[in-house]
Amino acid sequence: MPRTETDPNGQESKAHILDYAQLPPSFFVRLAPTRFPEPTIYVLNDCFANILGLDPDWLCTSEGLRLLSGAATLDDTPPIAMAYAGHQFGHYAPLLGDGRAMLVGEGVDRSGRRYDLHLKGSGTTPFSRGADGRLTLGAAIREYVMSEAMAALNVPTTRSLAILTTGETILRDKAVPGAVLARTARSHVRIGTFQYAATSGELDPLKALADFSIDRLYPEIESDGVQRYQDFLSAVAKAQGRLIAKWMSLGFIHGVMNTDNASIAGETIDYGPCAFMDVFHPAKVFSSIDRRGRYAWNRQAEIGQWNMGQLAQSLLPLLGDSEEAQIEAAQAALSRYVSTFQLAFHSQMANKLGVDPQHKDLSSFIAETFAAMAKGGIDFTSFFTALTRSVANRSDAIILEVFQSPSMAETWLEMWHQMRSNDPRDDQYRVEAMRRTNPVRIPRNHQVERAVQDGENGKPQTMIALLAAVKNSYAEDPAFAAYEQPPKPHEIITQTFCGT
Ligand code: AMP
Ligand code: MG
C-alpha cells in the first residue's frame, strides 16, 4: 500500500474500498489485471501525487508501477470497466463503456475528497468492440498537458498523475509507442452512465446510480423523495453551466461534447481533439471529425443544454409522481443551466474586459467585442492579456498594437472607455479581476503539437518545458515570453485529430 491515509477528522479512512463496485453489477465488468511487456514511467506528476496522498517514490517502485499499469489495484480487487451509453454527434449508442480504460481504485486526497484512479490505454475490455484497447503515447501526452493546463487555469478537470510507456508498439496510421495514462476524476460517472441506466427501464439501478452520484459529488443535498433527484439534476445543471462558461471565456473548444464525455461532476473530461483558439472566430472548430461544426466554440453552451436535456430525460421517472411534474422539474433544471451559464459567462467576460459586471450594456458590449475580434483576426489570449496590461499601465498603445486596423481600434477603444466611465470600482480592483481571468499563457496548439511530436520521438523535455510554462498561467513571467507568442504562419494548426 502506498500510504495509510487518515481523514481530516483523524479517522482511518475507507480509502481503498471501491464505492462504484457497490452499484448493481450491470454498471461494470470485472477485468483481469493487465500485463505489459515493459511498463516504464514516462512522466510522473510528483506534486499532484502528494496532493492525492500517494508517495511519488513509492509510485516509482515495482509495486507502484504495477498499480499505474493495471497489474494491481488500490484495494486488491480486480479492476473494473464501467458501462455507459452515449450520444455521439447526436446519434445514440446504447452501449459504449470503457473500451480501453479501467478503474483501479478510489482514494481520498489530502483534503478528504474521494477520487477515482483510472487508467486509459490499459488494454481491451468487453466494451472494446474490436478495437485494440490501447492509447498512443502522443494522445497520452496531449491529455496530460491539456488537463494539467486546465487545472492551472482553475477549470474543473480530470487530472493526470502519470504516463507510462508500455513497451508495446501499436498501429495507427503508422507504428507508434503505446502508453497508459493514469488520471483521476472526482468520479467517472457521465451523462451517458445515466442514459445507460435509463435504457434498462428499471427504476432501482437508476436510483442507485443517482444516490451514488449524490453521495460522492453533491453531499450537500439533504432533501428526500423526488426533491432529492430534482436537486441533484439542478446541481449538475449548475456545474455544467459554470464549466462551459469557463471554457468559452478562455477560448477553449472541447471538440467531442458527446454525452459519454459529459461528467456528472462538472469536470472537463476526455481530452481528444480539444484546443484553445489562437485567432478568434466564433464558429471555430478544430476536430477533424466534427465536419458540421456541432461542437464549434459558439455552440458549446447550447450543446451543454442539449446534453443536460439527455440527463433530465434519463432521470424523468425519479423527478416527480406524475408526468406533468416530471416534465416541469426537467424544464426547471434546464432553465437553471441556462441562467447559470449566462451569469457565469457574463461575469467572467466582464472581469476579462475590466468592466462592471452590473453594467446595463454588458451583453451588447461583449457581442461587439467578439465581432471586432473576429473582424480584426485577433488572437484570443493576446487580446485579453493586452487589456490587462493596458489597464495596469494606463496606456492604450498596447491595444492599438493588437488591432491591425487603427480605425477599428479607435472604434472599439471608444466603446471600452465609455463602458468603464462610470465604473464605481477602482483600477487596482479592476486589474486584479482581469489578472485572475486573463491567462498570459495557454497551451497553444503549435506548442502542444511540438510536445507530442518530440515526445513520441523520445524527447519528453519539450512537454516538461511546456508544462512549466502553463503552470502559473495567470502570472506575468518574462522567462516564458516565448510561450505567449501566437503561432507564426507556418506553425498554425488548423485541425486536430483524436489520434487515439
Ligand atoms: P472517446 O472518443 O475516447 O470518448 O471514446 C468513445 C468510446 O470508444 C469509448 O467507449 C471508448 O472506450 C472507445 N474507444 C476509443 N478508442 C478505443 C480503442 N483504441 N480501443 C477500444 N475502445 C476504444
Ligand atoms: Mg470518452
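1. In this predicted model, D76 counts as exposed, because its relative accessibility is 64% and exposed means over 50%. D76 lies in the loop between α3 (62-69) and β3 (80-82). The phi angle of D76 is near 65°, a positive value in a residue other than glycine. For context, most residues other than glycine have a negative phi.

2. F89 also deserves a look at its backbone. Its phi is near 50°, again positive in a residue that is not glycine. F89 is found in the loop between β4 (86-88) and β5 (91-93). With a relative accessibility of 24%, F89 counts as partly exposed, since that class lies between the 20% limit for buried and the 50% limit for exposed.

3. Next, the metal site. The magnesium ion (ligand 2) has two protein donors, N261 through OD1 and D270 through OD. These donors lie 1.8 to 2.2 Å from the ion. Both N261 and D270 are buried.

4. R190 has contacts with both of the donor residues, N261 and D270. R190 is found in the loop between β10 (175-185) and α5 (191-199). It counts as buried because its relative accessibility is 1%, and buried means under 20%. The side chain of R190 reaches the backbone oxygen of D260 at 2.7 Å. Leaving out residues up to four places away in sequence, R190 also touches Y84, D98, R183, T259, D260, A262, S263, I264 and I269, among others.

5. On internal space: the structure holds three cavities of 30 Å³ or more. The largest cavity contains about 70 Å³ of space. It is lined by 14 residues, and those closest to its centre are Q240, W247, M257, N261 and A262. One of these, N261, is a donor of the magnesium ion. Helix α7 (residues 225-249) gives the most to the lining, with four residues. By type, the lining divides into six nonpolar residues, seven polar and one charged.

6. T158 lies in the loop between α4 (137-152) and β9 (159-171). At 1% relative accessibility, T158 counts as buried. Its C-alpha atom is separated by 6.7 Å from that of R183, although the two residues are 25 residues apart along the chain. R183 is also in contact with T158, as are E143, S147, T184, A185, E267, T268, I269 and Y271, with neighbours within four places in sequence set aside. R183 and I269 appear among the residues that R190 touches, and both are in contact with T158.

7. D278 is found in the loop between β12 (275-276) and α8 (300-319). Is this aspartate buried or exposed? D278 counts as buried, because its relative accessibility is 8% and the class takes values under 20%. The side chain of D278 makes a polar contact with the side chain of R444, at 2.7 Å. Beyond R444, D278 touches I378, D379, F380, N445 and P487, when residues up to four places away in sequence are not counted.

8. L135 is found in strand β8 (residues 135-136). At 3% relative accessibility, L135 counts as buried. L135 and K120 are 15 residues apart in sequence, and 6.9 Å separates them in space, C-alpha to C-alpha.

9. Points to check in the viewer follow. For the magnesium ion (ligand 2), look at N261 and D270, then at R190, which touches both. For the buried aspartate D278, look at the side-chain contact with R444. For the backbone, look at the positive phi of D76 and that of F89.

Technical notes
Residues numbered from 1 in each chain as written. Chains lettered and ligands numbered in written order. Predicted model: local features only at pLDDT ≥ 70, side-chain atom pairs only at ≥ 80, totals over all residues. Heavy atoms only, no water. Donors = N, O, S within 2.8 Å, 3.2 Å for Na, K, Ca; no water. Buried < 20%, exposed > 50% of the residue type's maximum accessible area, 1.4 Å probe, protein only. 1 Å grid on protein atoms, 1.4 Å probe; cavity = no way out; pocket = protein on both sides within 12 Å on 5 of 7 lines; lining within 4 Å. Points joined across faces, edges and corners; volume = space filled by probe spheres on them. Helix = DSSP H or I, 4+ residues; strand = E, 2+ residues; numbered from the N terminus. Nonpolar A, V, L, I, M, F, W, Y, C, P; charged D, E, K, R; others polar. Polar contact = N/O pair within 3.5 Å; in protein donor to acceptor, adjacent residues only side chain to side chain. Contact = heavy atoms within 4.5 Å.
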